[in-house]
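Good morning, and thank you for joining this session. Please keep the sequence and the model open in front of you while I speak.

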Amino acid sequence: MDLSTLWFLLIAVLFIGYFVLEGFDFGVGILLPVLAHDERERRVLINTIGPVWDGNEVWVLTAGGAMFAAFPEWYATLFSGFYLPLLLILTALILRGVAFEYRGKRPDPTWRARWDTAIIAGSLLPALLWGIAFANIVRGVPLDTDHEYIGNLWHLLNPYALLGGLVTLTLFTTHGAVFLALKTTGDIRTRANALAARTGLITGALAVAFLTWTILDIRGGTTATILAILAAAALVAGLAANRAGREGRAFLGTAAAIALAVATLFAALFPNVLPSTTDTANNLTIDNASSTPYTLKIMTWVALAFTPIVLLYQSWTYWVFRRRIGVRDIPDA
């Protein structure tokens, strides 16, 4: 395997890690006004992701950095063509992070309600826009002979991409509900379990439609087809475990469904990194978009040295904060 292919796979792994981990804390933020009935319950929901949400974002920062260094042509075209959606995602993530830090600074209900709105918007918007962005990457966008994006915002809001956005929005919401059922006690746990069962049905229908469209009409292949079938099976297994009250297995099921769905998109994309809808000769591929072999070699050694440290630290964080929490664990404000 050459280094360009290796780094394409590593970037895929980084985005899989990001969507699996950040997916559930997006879901918790989206469900804040649905599953929490008072201030104490809202603090339970926020505390379930409080120790981990910022660590989860390390994955997307690393993925963006790896894309910039390993495939500069891909990074340049993507970030100029998708400028507005990516700017909205970045703004929403910053707003959400500020809200987590500031909502507890004052006991005023109005103050907290405004920051709660920021958490909801900062979770919902990226959950929708990431799906739209990745669907467009797989479908392809209009590129000229210099690999520059020549479309506009409306080209990105096509039916396939909008369906992709709804899939990530509902999938992350279901993933978040399953996570809350796993991490909480009492009424919140019961409500999260019931909600995951309902949203899971909608997610399953949308995901099957999107993956079938991807394989049959956009870009297929044996590997992508197998991964899509496995993604659907993992989601069904996760929902069945949730219905049986096996929340740990349910969480593994929805996590596997997200991982396999993202892997399907990267498998369908390969060997391109950004196809052109104007002429296949203008496609950005892992060959014409990659850095020099020397750069990729240096990056590989750096990744081998530091990736285990990051994984160990993040695993330790999840282990330390593994216990369930409920309203009895929340002190008076």
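The unreviewed UniProt entry carries the annotation "transmembrane region" for residues 6–36, 82–99, 119–140, 160–182, 194–216, 222–241, 250–270 and 298–321. Please bear in mind throughout that the model we are viewing is a predicted one. Two of the annotated spans can be set against the coordinates. Residues 82–99 are 94% helix and 0% strand, with 26 Å between the end C-alpha atoms. For residues 250–270 the figures are 95% helix and 0% strand, and there the end C-alpha atoms are 30 Å apart.

Let me turn to two individual helices. Helix α11 runs over residues 186–218, which is 33 residues, and its first and last C-alpha atoms are 45 Å apart, close to the expected 48 Å at 1.5 Å a residue. At T199, α11 bends by about 25°. Further along, L211 also belongs to α11. Is L211 buried or exposed? L211 has a relative accessible area of 9%, so L211 counts as buried. The C-alpha atom of L211 is 6.2 Å from that of A228, although the two residues are 17 apart along the chain.

The second helix is α14, residues 293–320. What span should its 28 residues have at 1.5 Å a residue? The expected value is 40 Å, and the end C-alpha atoms of α14 are 40 Å apart, so the two agree. The helix nevertheless has a kink of about 35° at F306, shortly before the proline P308. As for burial, L296, M299, T300, Q314 and T317 are buried in α14. As a general point, an α-helix has 3.6 residues a turn, so residues three or four places apart point the same way.

I now come to the empty space in the model. In general, rolling a probe the size of a water molecule over the atoms shows where such space is left.

The largest pocket holds about 610 Å³ of space. Its lining is made up of 28 residues, and V60, F79, L86, I89 and W130 are the closest to its centre. Five helices each supply at least two lining residues, namely α5 (58–70), α6 (72–81), α7 (83–102), α8 (109–139) and α13 (247–269). Which of the helices gives the most to this lining? That is α7, with seven residues. By residue type, the lining of the largest pocket comprises 25 nonpolar residues, two polar and one charged.

The second largest pocket has a volume of about 430 Å³. It is lined by 17 residues, of which W7, L14, T62, A303 and T307 are the closest to its centre. Here α1 (3–30), α5 and α14 each contribute at least two residues. The helix α14, whose kink I have just described at F306, provides the largest share of this lining, eight residues. The composition of this second lining is 14 nonpolar residues, three polar and no charged.

Beyond the pockets, how many cavities of 30 Å³ or more does the structure hold? There is one, and its volume is about 220 Å³. Of the 17 residues that line this cavity, V167, T168, A261, V262 and L265 are the closest to its centre. The helices α8, α10 (159–183), α11 and α13 each supply at least two of the lining residues. The most comes from α10, with five residues. This lining consists of 14 nonpolar residues, three polar and no charged.

Finally, I would draw your attention to some points of backbone geometry and to the start of the chain. In general, most residues other than glycine have a negative phi, and most peptide bonds are trans. Between F270 and P271, however, the peptide bond is cis, with omega about 5°. P271 sits in the loop between α13 and β1 (272–274). H147, a residue other than glycine, has a positive phi near 65°. Its place is in the loop between α8 and α9 (153–156). Why does H147 count as buried? Its relative accessibility is 13%, and the cut-off for buried is under 20%.

At the start of the chain, M1 precedes α1. With a relative accessibility of 73%, M1 counts as exposed. M1 and L166, 165 residues apart along the chain, have their C-alpha atoms separated by 35 Å.

Thank you for your attention.

Note on methods:
Residues numbered from 1 in each chain as written. Predicted model: local features only at pLDDT ≥ 70, side-chain atom pairs only at ≥ 80, totals over all residues. Heavy atoms only, no water. 1 Å grid on protein atoms, 1.4 Å probe; cavity = no way out; pocket = protein on both sides within 12 Å on 5 of 7 lines; lining within 4 Å. Points joined across faces, edges and corners; volume = space filled by probe spheres on them. Helix = DSSP H or I, 4+ residues; strand = E, 2+ residues; numbered from the N terminus. Nonpolar A, V, L, I, M, F, W, Y, C, P; charged D, E, K, R; others polar. UniProt positions renumbered as here; feature names shortened; annotations may be inferred. Expected span 1.5 Å × (residues − 1). Bend = angle between axes of the 7 residues up to and from the residue. Buried < 20%, exposed > 50% of the residue type's maximum accessible area, 1.4 Å probe, protein only.
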